[in-house]
Amino acid sequence: MKKVFVDGYNVINSWPQLRDIKDYSYEAARIKLIDMLQNYAAFKGWNIIIVFDAHMVKGSLEKKEREGNLIIVFTREGETADSYIERAVNNIGRSFEVHVVTSDSMEQQVTFQRGAVRISSLEFYHSIINDNKRLEKRYETRYSSNRNLLEENIDKESAEKLEKIRRSK
């Protein structure tokens, strides 16, 4: 199974729709990102680990939550998302297909050296948007062509009589 590490705040600051939300509330932007990635992880069947910095929060302990194929990590005090991701990628080694989503060029280089595939935040955004469009189109094609509605198969007078019966109850 593919493992994808996402630098949460890097993504929030890179994705257009999340940048607008974060101007009002970082928490709202985090929730929106988590929701989007939870759906995407389920759709792709990937393990996605989204990492948020808490290194500036006094007394902060590392916190992990699992929601389906999505793991949400808040780092401990003094640890950045970059250092957490580097350590995790190093510990995994080359036994899994690992991708790292960040636009931080130094982070991309370090994780690449450790065997991970690097993806910029914007590339990942466009990948999600394109996959969502393809999924919607496939769903629309599959279910709109198989419709067999009663009103499409009876005359107008019969449809009006049935509607009158339906409303009288």
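1. Start with Lys63, which counts as partly exposed at 42% relative accessibility. Its salt-bridge partner is Glu65, and the closest N and O atoms of the two sit 3.1 Å apart. Glu65 is partly exposed as well, with a relative accessible area of 30%. Keep in mind while reading that this is a predicted model.

2. That pair belongs to a longer list, since a search of the whole structure turns up eleven salt bridges. Another one joins Arg76 to Glu62, with 3.9 Å between the closest N and O atoms. This pair links distant parts of the chain: Arg76 is in the loop between β4 (70–74) and α4 (81–92), while Glu62 is in the loop between β2 and β3 (63–67), 14 residues apart. Arg76 is partly exposed at 38% relative accessible area, and Glu62 is partly exposed too, at 32%.

3. Now look at Arg87 and Glu79, whose side chains meet in a salt bridge of 2.6 Å, N to O. Is Glu79 buried or exposed? Glu79 counts as buried, because its relative accessibility is 6% and the cut-off for buried is under 20%. Arg87, on the other hand, is partly exposed, with a relative accessible area of 34%. Glu62, Arg76, Glu79 and Arg87 are linked in a network of salt bridges, so it's worth showing these four side chains together. As a general point, side chains of opposite charge can pair when their charged atoms come close.

4. Time to step back to the overall layout. The protein chain has seven helices and six strands, and along the sequence they follow the pattern β-α-α-α-β-β-β-α-β-α-β-α-α. Of the 169 residues in the chain, 37% are buried.

5. Strand β1 (residues 3–7) is a good place to see the covered side of things: five of its five residues are buried. Both of its faces are covered, with Lys3, Phe5 and Asp7 on one side and Val4 and Val6 on the other. β1 is joined to strand β2 (residues 47–52) by five bridges, and the two run parallel. In β2, Ile48 is the residue opposite Val4.

6. β1 also pairs with β5, again in the parallel sense, over four bridges. Here Val4 has His99 as its bridge partner, and Val6 stands opposite Val101. β5 (residues 98–101) has both faces covered as well: Val98 and Val100 are buried on one side, His99 and Val101 on the other.

7. What does β5 pair with besides β1? Three bridges join β5 to strand β6 (residues 117–119), and these strands run parallel. His99 turns up once more, this time with Val117 of β6 as its bridge partner.

8. For a contrast, go to helix α7 (residues 156–168). None of its 13 residues is buried, so this helix lies largely in the open. From first C-alpha to last, α7 reaches 18 Å, close to the 18 Å expected at 1.5 Å a residue. Asp155 caps the N-terminal end of α7, with a side-chain oxygen 3.2 Å from the backbone nitrogen of Glu157.

9. One last stop on α7 is Ile165, which is partly exposed at 48% relative accessible area. Together with Leu150 and Leu162, Ile165 makes a nonpolar surface patch of about 280 Å².

How values were computed:
Residues are numbered from 1 along each chain as its sequence is written. This is a predicted model: local features need pLDDT of at least 70, side-chain atom pairs count only at pLDDT 80 or more; totals for chains, interfaces and linings use all residues. Side-chain values use heavy atoms; hydrogens and water are left out. Buried means under 20% relative accessible area, exposed over 50%, partly exposed in between (1.4 Å probe, protein chains only). Two strands pair if DSSP finds at least two bridges between them. Patches are made of residues with over 30% relative accessible area and no salt bridge: like charges are joined within 9 Å, nonpolar side chains (Val, Leu, Ile, Met, Phe, Trp, Tyr) within 5 Å. Accessible areas come from the Shrake-Rupley method with a 1.4 Å probe; for residues, only the protein chains shown count as cover. The expected span of a helix is 1.5 Å times one less than its number of residues. A polar contact is a pair of N or O atoms within 3.5 Å; within protein, one must be able to donate a hydrogen and the other to accept it, and residues adjacent in sequence count only if both atoms are side-chain atoms.
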